[in-house]
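Reader: I would like to learn how to read a sheet and the helices around it. Where do we start?

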Amino acid sequence: MTWNLNTIIVGVDGSEGAERAARHAVDVARTTGAKLYIATVVRPPEGWWGIGGAPPTPEALSTALIEGQKEVLDNLVAALDLEGVDYETLQDLGDPASRLIAIAEERNADLMVIGRRGAGLVERVIIGSVADRICHHSPCPVLLIP
Ligand SMILES: Nc1ncnc2c1ncn2[C@@H]1O[C@H](COP(=O)(O)OP(=O)(O)OP(=O)(O)O)[C@@H](O)[C@H]1O
Ligand SMILES: [Mg+2]
């Protein structure tokens, strides 16, 4: 079997760990010519899902959340050297691990790049819960950046 690296997803959450992951993803994309999706997922606040369990429309979310998310992506893209890289940014809403896995499935990703740690504040955690779930359930190989 040949492993053709055509599509790479990197998950970013505004953290240093995610930025390191993004730098690695950019290098791999540049070297291989793969398309790079830089994806960030906003987790709606607890209780947001309501009694019916219907997912909120992006329009229904507070502007602060949406703008914060856009800022995460804009700041990161500005900090990266994306010269010669075919990339696209993606914004999504929901449970970060589930959404990243869904994105990887939808785009038929060949590689998922994530940081070992993210924006969470729990220092004792060696590997973040999003990273942990992706490592267990990703449909494609995962590159975990320390
Ligand atoms: N909301 C998100 N959108 C996109 N990618 C994310 C998101 N959250 C985490 N990631 C990816 O997963 C990596 C690990 O983050 P994770 O959230 O697992 O760790 P943590 O924040 O330190 O711990 P926890 O969230 O469990 O408190 C990040 O570096 C990033 O690559
Ligand atoms: Mg986190």
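**Reading the sheet and its helices**

Author: Start with strand order. This is a predicted model. Its five strands form an open sheet, ordered β3-β2-β1-β4-β5, with parallel pairing.

Reader: Which are the edge strands?

Author: Look for strands that pair on one side only. Here they are β3 (87–93) and β5 (142–145).

Reader: What does the twist average from one strand to the next?

Author: The twist averages 20° per step from strand to strand.

Reader: How many bridges join β1 to β4?

Author: Strand β1 (residues 7–11) and strand β4 (residues 111–115) run parallel and are joined by three bridges. Take Ile9: its bridge partner in β4 is Met112.

Reader: Which strands does α3 touch?

Author: Helix α3 packs on the sheet and touches β1, β2 (35–42), β3 and β4. For orientation, compare directions: that of α3 makes about 155° with that of β2.

Reader: Now a helix pair. At what angle do α3 and α4 pack?

Author: Read angle, distance and handedness together. Helix α3 (residues 96–106) packs against helix α4 (residues 129–137) at about 40°. Their axes lie 9 Å apart. The crossing of α3 and α4 is right-handed.

Reader: Which residues make the contact?

Author: From α3 come Pro96, Ala97, Ser98, Leu100 and Ile101. From α4 come Val130, Arg133, Ile134 and His137.

Reader: How do the residues of that α3 and α4 contact divide by character?

Author: Six are nonpolar, two are polar and one is charged.

Terms used:
Residues numbered from 1 in each chain as written. Chains lettered and ligands numbered in written order. Predicted model: local features only at pLDDT ≥ 70, side-chain atom pairs only at ≥ 80, totals over all residues. Heavy atoms only, no water. Axes fitted to C-alpha atoms, helices over the stretch in contact; angles between N-to-C directions. Helix = DSSP H or I, 4+ residues; strand = E, 2+ residues; numbered from the N terminus. Left-handed = near helix turned anticlockwise from the far one by under 90°. Contact = heavy atoms within 4.5 Å. Nonpolar A, V, L, I, M, F, W, Y, C, P; charged D, E, K, R; others polar. Pairing = 2+ DSSP bridges.
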